[in-house]
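I opened this model to go through its sheets, one helix pair and the ligand site. My notes are below, in the order I looked things up.

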Amino acid sequence: LNPTELLRLGVDGQLSVDPADVESASLDFGGVNRVEPMAVLHPASAEDVARLVRSAYESARGFTVSARGHGHSINGQAQTANGVVVQMSGRLGSRNPEKPRVLEKMRYVDAWGGELWIDVLRSTLEYGLAPKSWTDYLYLSVGGTLSNAGISGQAFHHGPQISNVYELDVVTGKGELLTCSQKQNSELFHAVLGGLGQFGIITRARIALEPAPQRVRWIRVLYSNFTTFTQDQEYLISLHGQHSSQKFDYVEGFVIVDEGLINNWRSSFFSPRNPVKIASLGASGGVLYCLEITKNYHESTADTIDQEVEALMQKLNFIPATVFTTDLPYVDFLDRVHKAELKLRSKGLWEVPHPWLNLFVPKSRIDDFDKGVFKGILENKTSGPILIYPMNKNKWDERSSVVVPDEEVFYLVALLRSALDTGEETQTLEYLSNQNRQILRFCDEAGIDVKQYLPHYTYEEEWVDHFGDKWALFHQRKMEFDPRHILTTGQRIFKPSFTSKTAY
Ligand SMILES: Cc1cc2nc3c(=O)[nH]c(=O)nc-3n(C[C@H](O)[C@H](O)[C@H](O)COP(=O)(O)OP(=O)(O)OC[C@H]3O[C@@H](n4cnc5c(N)ncnc54)[C@H](O)[C@@H]3O)c2cc1C
């Protein structure tokens, strides 16, 4: 098929070979990979997606198809060479996929796979409801985060977003449009969740809702001792089964390795009039740790919130006099990173290369990771926030495709760096990418069995190693749901069956 033949396919949406469309589908937030597709489909419905994939599956020569949500991948995961990108997010004028549909009584919302979480939230709030499990940033698509996991500070008690989905509509690599859930087509359901887009394109997700809190008490406290910090984090997530008055609703944290960072984009929280000085807090190795917790509440219970927070805080061992508190509407809390985005955009600092590294680190080795990476490899310099927070494995469904460390508690460590052209070597893309490799090598040599989140590998052996015991099942599911390896070649896991060269 060439672009002209493709355009004859007959879809209700728009199949475009417009250079601007093709250019935008060839880029992502990582800003490192650039791969041009042959055409871009703006689907008007799930049937459009099915029609396209079916023709790819049935055509003698074959072509590849990749769904693209909001393009916030780092390493070209939503790109495809010489195939078609299905642009799931973004509106098309009158021929749009359906808006989110809330079933108030059943407490769920049916959302189009390309819907952004911010728009899902806006729709559900009209009914006083909200999804339970989030990502820190809401301008990501439902299909994009469900293909990975979708995590934030709520994951310790609600599990990742993939644990909060009741049902999906999926277009498989054979072009069939199937509804799946725990009970119906369950193999496909579990495969697609955390499935890196390998088994189908999510066109609809039924997402669990809860009554939306009105306000949030948002607290940050500092630690100089890593063990005390992680003990407190682990204590807080051990409360996941408690009544909501006896636990926080959100537990995250971050590492502060240089003075500049404490007042950085994620920390606008600390007042610039009251700068925090790392040196004055007795940080060992110049590193501080910040615990970030929140408690949701309703205005009608505002009188008990202080006591509840106080009772929980008394159990913690942070540095006295380092409590920073703010209080804000729930939506403003959830949408906090967008504010930072607008600031960075205004300074031209958003559309820069992002050599991010996200790792799941087993609890038993988090101390070694601290010594080797935060106090070692990073050399008191970073180029962006470093998040660190623990999660409970029992909130993750083992049947899904995602892989996590083999321990009951594991940490997310997210090095969210931006490469800048300031003339300083340590800020360059090359330096930061090398540092990422150094961190992975360190873990390997120290026998720290980390798993990459939002994984990126180049060779099949690396994927086999990443999936470990799950590889055989992952491979078997691929053969069943996408036997010609048409879908999502940008992940570089399987080569399309119809090409001898690497056609990612
Ligand atoms: C600023 C920022 C903050 C972030 N914060 C968090 C966070 O707090 N927690 C977290 O978990 N992640 C976070 N992420 C990572 C984010 O969840 C992933 O990068 C996610 O893939 C982005 O969604 P997207 O819609 O942009 O997906 P894309 O980059 O467009 O796609 C990601 C992958 O999913 C596939 N895909 C997309 N749509 C579908 C679909 N409908 N069906 C099947 N496959 C599909 C694509 O082919 C691709 O392989 C963040 C990313 C950024 C840039």
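The entries that follow go sheet by sheet, then to the helices and the ligand.

**Entry 1, status of the model.** I note first that this is a predicted model.

**Entry 2, the eight-stranded sheet.** I looked up the strand order and found an open sheet of eight strands, β14-β11-β13-β12-β16-β17-β15-β18. The pairing in this sheet is antiparallel. Which strands stand at the edges? They are β14 (323-329) and β18 (451-452). Each has a single partner strand, so one side of each is left without a neighbour in the sheet.

I then took one pair from the middle of the order. Strand β16 covers residues 386-392 and strand β17 covers residues 409-415. Seven bridges pair them in the antiparallel sense. For the register I noted that N392 has V409 of β17 as its bridge partner.

I also checked what lies across this sheet. Helix α9 (residues 302-313) lies across β11 (215-223) and β13 (288-297). The helix runs at about 150° to β13.

**Entry 3, the four-stranded sheet.** A second query gave an open sheet of four strands in the order β1-β2-β4-β3, with mixed pairing. Its edge strands are β1 (14-16) and β3, and each pairs on one side only. Neighbouring strands here are turned by 25° against each other on average, direction ignored.

I followed β3 to its partner. β3 and strand β4 (residues 84-87) run parallel and are joined by four bridges. A67 stands opposite V86 in β4.

**Entry 4, a hairpin.** I looked at strand β8 (residues 165-172) and strand β9 (residues 177-181), which run antiparallel and are joined by five bridges. V170 has L178 in β9 as its bridge partner. The two strands, β8 and β9, form a hairpin with four residues between them. I checked the turn for backbone angles and found that G175 has a positive phi of about 85°.

**Entry 5, the pair α12 and α13.** How do helix α12 (residues 366-377) and helix α13 (residues 429-445) cross? Their axes come within 10 Å and cross at roughly 155°. Angles over 145 degrees count as roughly antiparallel, and α12 and α13 are therefore roughly antiparallel to each other. The crossing of α12 and α13 is right-handed.

I listed the contact residues next. From α12 they are G372, V373 and I377, and from α13 they are Q435, Q438, I439 and F442. By class, this contact of α12 with α13 has four nonpolar and three polar residues, and no charged ones.

**Entry 6, the ligand.** How many residues surround the ligand? I get 36, and the closest are G69, H72, S141, G143 and G144. I sorted the shell by class and obtained 12 nonpolar, 21 polar and three charged residues.

Last, I asked which elements supply the shell. β3 (65-68), α5 (142-146) and β10 (200-211) each supply at least two of its residues. β3 thus appears twice in these notes, as an edge strand of the four-stranded sheet and in the shell around the ligand.

Conventions: Residues are numbered from 1 along each chain as its sequence is written. This is a predicted model: local features need pLDDT of at least 70, side-chain atom pairs count only at pLDDT 80 or more; totals for chains, interfaces and linings use all residues. Two strands pair if DSSP finds at least two bridges between them. Two residues are in contact if their C-beta atoms, placed from the backbone, lie within 7 Å. Axes are lines fitted to C-alpha atoms, for helices over the stretch in contact, and angles run from 0 to 180 degrees between N-to-C directions. Angles under 35 degrees count as roughly parallel, over 145 as roughly antiparallel, 65 to 115 as roughly perpendicular and the rest as oblique. A crossing is left-handed if the near helix is turned anticlockwise from the far one by less than a right angle, and right-handed if clockwise. Ala, Val, Leu, Ile, Met, Phe, Trp, Tyr, Cys and Pro count as nonpolar, Asp, Glu, Lys and Arg as charged, and the others, Gly among them, as polar. A residue is near a molecule or strand if its C-beta atom, placed from the backbone, lies within 6 Å of it.
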